[in-house]
Amino acid sequence: MELELRTERPDDYREVEDLTREAFWDVHVPGCVEHYLAHVMRSHADFLPELDYVALDGDRIVGSIMYAKAWLDSEGGESLPILSFGPLSVLPAYQRRGVGSRLVESTVRIAREAGWPAIVILGNPGNYVKHGFKNCKKYRIAMAPGKYPTCLLALELRPDALGAKDYLYRGSPVYEVGEAEARAFDAGFPPKQRGFRPSQEEFDMFCRSFVE
């Protein structure tokens, strides 16, 4: 499969929201909010359009990755600007065919060349350790003092970029989307039945577990 990667354009927006809806429907919760996140993210101050990429198979967009600013706060009031990404979306028919990996690898390279020190995400470790992500405890990055969630993952973009400090992760408020607003936005799409999938239980386990 020959993929073309390029930055997202305004005329891609609805297609990206459609594919994001298809990619995440019933995966983490019944239904999803990620397509609404993609919609509101583009107009937020923390959004980084230079890292907003789509993957195309011919004329069809089959994958998307979106980035926002995040911060690592350390003692003494210091705050280190870093990156976070999500949603990372791949159409179901194209999943496990390397589309997501291409999007991650390409944008990580661009971020490294731009001088960003690190990327921190919330995700399934099984999807990201192959790209060099590690649990944040290895970099002394906590979600709350002494709390290192299993799903909080970090990638250092240059050696010793994070140094020997204790950090608290602070993500962009753009990710704090409300379910009511997402459901209202979803009403503009063709109806889909919400239901249970085992991946929802897995997601809940990752969200509730911590590394000692």
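## Serine 101 and its contacts

Beyond its neighbours within four places in sequence, serine 101 is in contact with Lys130 and His131. This comes from a predicted model. With histidine 131 there is a polar contact, side chain to side chain, at 3.4 Å.

Serine 101 sits in helix α3, which spans residues 99-113. Its relative accessibility is 19%, so serine 101 counts as buried. The cut-off for buried is under 20%.

## Serine 74

A second serine, serine 74, lies in strand β3. Serine 74 has a relative accessibility of 12%, so it counts as buried.

Which residues does serine 74 touch, not counting those up to four places away in sequence? They are Lys165, Asp166 and Tyr167.

## The chain as a whole

The chain contains 6 helices and 9 strands. Its radius of gyration is 17 Å, close to the 17 Å that the globule rule gives for 212 residues, so the chain is as compact as a globular protein of that length. Along the principal axes, the C-alpha atoms fill a box of roughly 50 × 35 × 30 Å.

Of the 212 residues, 48% count as buried. The accessible surface comes to about 10900 Å². Carbon and sulfur atoms hold 52% of that surface. Take the contacts in the chain with a separation of 6 or more: residues 24 or more positions apart account for 72% of them.

## Helix α2

How many of the 8 residues of α2 are buried? The count is 6, and α2 is mostly covered. The buried residues are Glu34, His35, Tyr36, Leu37, Ala38 and Met41.

These buried residues pack against both helices and strands. The helices are α1 and α5. The strands are β3 (60-74) and β4 (79-90). Strand β3 is also the place of serine 74.

## Helix α5

Helix α5 runs over residues 179-186, and its buried residues are Ala182, Phe185 and Asp186. Seen down the axis of α5, they fall within an arc of 100°, so they line one face of the helix. Ala180 and Ala184 are on the other side of α5, and they are exposed.

What covers the buried residues of α5? The cover includes α1 (13-24) and α2 (34-41). In turn, α5 is among the elements that the buried residues of α2 pack against.

## Cysteines and disulfides

A disulfide is a covalent bond between the sulfur atoms of two cysteines. How many disulfides does a search of the whole structure find? It finds 0.

Why does cysteine 32 form no such bond? The closest cysteine sulfur, in cysteine 207, is 15 Å from the sulfur of cysteine 32, which is too far for a bond. Cysteine 151 is in no disulfide either. For cysteine 151, the nearest cysteine sulfur is that of cysteine 207, 4.9 Å away. The cut-off for a disulfide is sulfur atoms within 2.5 Å.

Are cysteine 32 and cysteine 151 buried or exposed? Cysteine 32 has 5% relative accessibility, so it counts as buried. Cysteine 151 has 9% relative accessibility, so it also counts as buried.

Definitions and conventions: Residues are numbered from 1 along each chain as its sequence is written. This is a predicted model: local features need pLDDT of at least 70, side-chain atom pairs count only at pLDDT 80 or more; totals for chains, interfaces and linings use all residues. Side-chain values use heavy atoms; hydrogens and water are left out. Buried means under 20% relative accessible area, exposed over 50%, partly exposed in between (1.4 Å probe, protein chains only). Helices (H or I, at least four residues) and strands (E, at least two) are DSSP runs, numbered from the N terminus. The arc is that of the directions from the helix axis to the C-beta atoms. Contact means heavy atoms within 4.5 Å. A polar contact is a pair of N or O atoms within 3.5 Å; within protein, one must be able to donate a hydrogen and the other to accept it, and residues adjacent in sequence count only if both atoms are side-chain atoms. The radius of gyration is taken over C-alpha atoms; the globule rule is 2.2 Å times the number of residues to the power 0.38. Accessible areas come from the Shrake-Rupley method with a 1.4 Å probe; for residues, only the protein chains shown count as cover.
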